Amino acid sequence: MPSPKRIAVIPGDGIGKEVIPQALNAIRATAAPVEFTTFDWGADRYLHDGTTVPADGFSTLARDFDAILCGAFGDPRVPTNIHAKEILLGMRFQMDLYANLRPVHLLDPSLCPLKSAQPKDVDFVVIRENTEGVYGDLGGVFKKGTADEIAIQEDVNTRKGVERIIRYAFEYCASHKKQDGSSRRRLLMCDKSNAMTHAGGLWQRTFKEVAEEFSQITTEHMHVDALCLQMVRQPSHFDVIVTNNMFGDIITDLAAALQGGLGMAASGNIHPGHTSMFEPVHGSAPPIAGKNIANPAGAILTAALMLNHLGLIPESQRIEAAVLAAIREKKLTQDVGGTLGTRESGDWISKIISSFSSS
Ligand code: NAD
Ligand code: IPM
Ligand code: MN
């Protein structure tokens, strides 16, 4: 009997604390060999004792766990958002989780705001660089508060960082299939190289160089503004997209809308071979927190993505099948046309998973 996978669980703030318990129930219902350890990192802990990340926090996660499952971070009581920055961006940067994997898959036509879009039309993956760009917060403010104030926010792009995310995207494209079983074979690089020529030039050159190692993959390029237009007009155009940190953040909220909204979108923060972190794409949604109305599906699909990453493939597939059943039977929350609360929807999904697991 292999030893159980050790999962660190950080529900965080707001609706993170409501959707993560549902994701854990879904995993339990698969009977996957896992054990959970919950961490209280988030706004409550920060407001209580000033701790964002305890000493050795990240090294403990990397050393003692196979994966991390997070909810969301952000709380109106912490207007600086310092805890979210130190926990979430801290994990991405300090654990070097350089590939932010955001699959975009329409599970049912009823969820898509586009006329007559079918699941086969919305089936692509965004691979977002996760450790560089403007997110490093390099720069500064000069003459603050005066009429001459200057604020500089640097966009950091290293050859190493750009090359490894582009190579990850080519390898992902070469080794993954679409939902209909056909091979992925097109990789699109998205940038803004017509305006940001220094960073854009590095991305362009690196993309062309790495492409030479992957002759079976067709390559394409779009500027991020044109990509947004195309994503709405013809999402079937996309297969795998690789882009920088900020463009990846923005286009994956747009992409989430094609899947039914932020309540349906899953993501992984990955460094191959290292402890990786999984979280729904949505935030802590303060206005709806604590009301039992948040959609747990994004967190539950994130659990499936994590199990898949850990090699627990049948368990992961059972979770996805149960979410699909919940959509078809309208056993989800109001944001996606259902009538159930967070807990009731999560319970329904877990019950279906249990029935798959025992049959
Ligand atoms: P948000 O994702 O929290 O909410 C955006 C909109 O989507 C809101 O209308 C919200 O009600 C809705 N929504 C989000 N998740 C939902 C769900 N599961 N079910 C139903 N509706 C859902 O984004 P925001 O409002 O820009 O940010 C709120 C806070 O969350 C901020 O502090 C922000 O910094 C933080 N945030 C954190 C993360 C993260 O931890 N990964 C991601 C995004 C935003
Ligand atoms: C996300 C979020 C974060 C990001 C915020 C909370 C810093 O929007 O994970 O998409 O911009 O990466
Ligand atoms: Mn975002």
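I began with the shell around ligand 1 in this predicted model, and sorting its residues by character gave ten nonpolar, seven polar and two charged. The shell holds 19 residues, and I noted Phe73, Gly283, Ser284, Ala285 and Asn295 as the closest.

I then looked up polar contacts of ligand 1. On the backbone side, I found a polar atom of serine 284 at 3.1 Å from an oxygen atom of the ligand, and an N or O atom of the alanine 285 backbone at 2.8 Å from an oxygen atom of ligand 1. From a side chain, glutamate 279 places a polar atom 3.1 Å from a nitrogen atom of ligand 1. After these contacts I checked cover: ligand 1 taken alone exposes 800 Å², of which the protein buries 64%.

I turned next to ligand 2, where I listed Leu88, Arg92, Arg102, Arg128, Tyr135 and Asp249 as the surrounding residues, a shell that divides into two nonpolar, no polar and four charged. I also looked up which domains supply this shell, and found that domain 1 (1-105 + 262-359) and domain 2 (113-258) each contribute at least three residues.

For the polar contacts of ligand 2, I recorded side-chain atoms facing its oxygen atoms: arginine 92 at 2.7 Å, aspartate 249 at 2.8 Å and arginine 102 at 3.0 Å. With those noted, I looked up the areas, and ligand 2 taken alone exposes 320 Å², with 71% of that buried by the protein.

Last, I asked which pocket ligand 2 takes up, and entered that its space is the second largest pocket.

Terms used
Residues are numbered from 1 along each chain as its sequence is written. Chains are lettered from A and ligands numbered from 1 in the order in which they are written. This is a predicted model: local features need pLDDT of at least 70, side-chain atom pairs count only at pLDDT 80 or more; totals for chains, interfaces and linings use all residues. Side-chain values use heavy atoms; hydrogens and water are left out. A residue is near a molecule or strand if one of its heavy atoms lies within 4 Å of it. A polar contact is a pair of N or O atoms within 3.5 Å; within protein, one must be able to donate a hydrogen and the other to accept it, and residues adjacent in sequence count only if both atoms are side-chain atoms. Accessible areas come from the Shrake-Rupley method with a 1.4 Å probe; for residues, only the protein chains shown count as cover. On a 1 Å grid over the protein atoms alone, a cavity is a set of points where a 1.4 Å probe fits but cannot get out, and a pocket is an open set with protein on both sides within 12 Å along at least five of seven lines; lining residues have an atom within 4 Å of a point. A molecule sits in a cavity or pocket if more than half of its atoms lie within 2 Å of its grid points. Ala, Val, Leu, Ile, Met, Phe, Trp, Tyr, Cys and Pro count as nonpolar, Asp, Glu, Lys and Arg as charged, and the others, Gly among them, as polar. Domain bounds come from an automatic or database domain assignment.
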